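Trainee: I have a structure to learn to read. Can we go through it together?
Mentor: Yes. Ask short questions, and we will reason from the atoms.

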Amino acid sequence: MYFDQTEYGKRIATLRKLRGLTQEEAAEALGITLDYLKKMEHGKRAGSRDLDIQMACYFHVSLDYLETGKEFDHSAERSRLLAVASELLDIAKTV
């Protein structure tokens, strides 16, 4: 796996559009220049680590998704939580 700057830019543009923001509005919200955002969205420039963290928080996505397009697989955690919930329900029935 490697960092694909063009796909990274496409993800940023998609996330911005999903929030209904213009490039100007997103740049202002992120505290960067419009030119910087345009370069990122066109795959000409990557954000700093700090900016990536800020964008991940702002767009409510993981850094993994923002930088690689991969979503974290939560199935193992979900299974453990369901098992704990089931145990708690069993305990509650006996009390």
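Mentor: Start with one term: contact means heavy atoms within 4.5 Å. Keep in mind that this is a predicted model.

Trainee: Which residues does Gln 23 touch, leaving out those up to four places away in sequence?
Mentor: Gln 23 sits in helix α2. Residues up to four places away in sequence are not counted. That leaves Arg 16, Leu 34, Leu 37, Lys 38 and Glu 41.

Trainee: Is Gln 23 buried or exposed?
Mentor: Buried means under 20% relative accessible area. Gln 23 has 18% relative accessibility, so it counts as buried.

Trainee: Where do the buried residues of α3 lie on the helix?
Mentor: Helix α3 spans residues 34-41, and its buried residues include Tyr 36, Leu 37, Met 40 and Glu 41. Look down the axis of α3: these buried residues fall within an arc of 130 degrees. They therefore line one face of the helix.

Trainee: What covers the buried residues of α3?
Mentor: Look for other helices in contact with them. The cover includes α1 (5-18), α2 (23-30) and α4 (49-59).

Trainee: Which residue with a positive phi follows α3?
Mentor: Look just past the helix. The phi there is near 75 degrees. The residue is Gly 43.

Trainee: Which residue has a positive phi although it is not a glycine?
Mentor: Most residues other than glycine have a negative phi. Now look in the loop between α4 and α5 (63-68). One residue there has a phi of about 60 degrees: His 60.

Trainee: Is His 60 buried or exposed?
Mentor: The cut-off for exposed is over 50%. His 60 has 69% relative accessibility, so it counts as exposed.

Trainee: How many aromatic pairs are there?
Mentor: Rings pair if their centres lie within 6.5 Å. By this rule the count is two.

Trainee: How are the rings of Tyr 58 and Phe 59 arranged as an aromatic pair?
Mentor: Their centres are 5.1 Å apart, and the planes make 75 degrees. Planes over 60 degrees apart count as edge-to-face. So the pair of Tyr 58 and Phe 59 is edge-to-face.

Trainee: Which of Tyr 58 and Phe 59 is buried?
Mentor: Tyr 58 has 22% relative accessibility and counts as partly exposed. The relative accessible area of the other is 8%. Under 20% means buried, so the buried one is Phe 59.

Trainee: Which residues make the nonpolar surface patch of about 430 Å²?
Mentor: One member, Val 84, lies in helix α6 (residues 75-94). Val 84 is partly exposed, at 45% relative accessible area. The patch is made by Val 84, Leu 88, Ile 91 and Val 95.

Note on methods. Residues numbered from 1 in each chain as written. Predicted model: local features only at pLDDT ≥ 70, side-chain atom pairs only at ≥ 80, totals over all residues. Heavy atoms only, no water. Patch = residues over 30% accessible without salt bridge, like charges linked within 9 Å, V, L, I, M, F, W, Y side chains within 5 Å. Areas by Shrake-Rupley, 256 points an atom, 1.4 Å probe, with all protein chains shown as cover. Salt bridge = Lys/Arg side-chain N within 4 Å of Asp/Glu carboxyl O. Helix = DSSP H or I, 4+ residues; strand = E, 2+ residues; numbered from the N terminus. Buried < 20%, exposed > 50% of the residue type's maximum accessible area, 1.4 Å probe, protein only. Arc of directions from axis to C-beta. Phe/Tyr/Trp six-rings, centres within 6.5 Å; stacked < 30°, edge-to-face > 60°.
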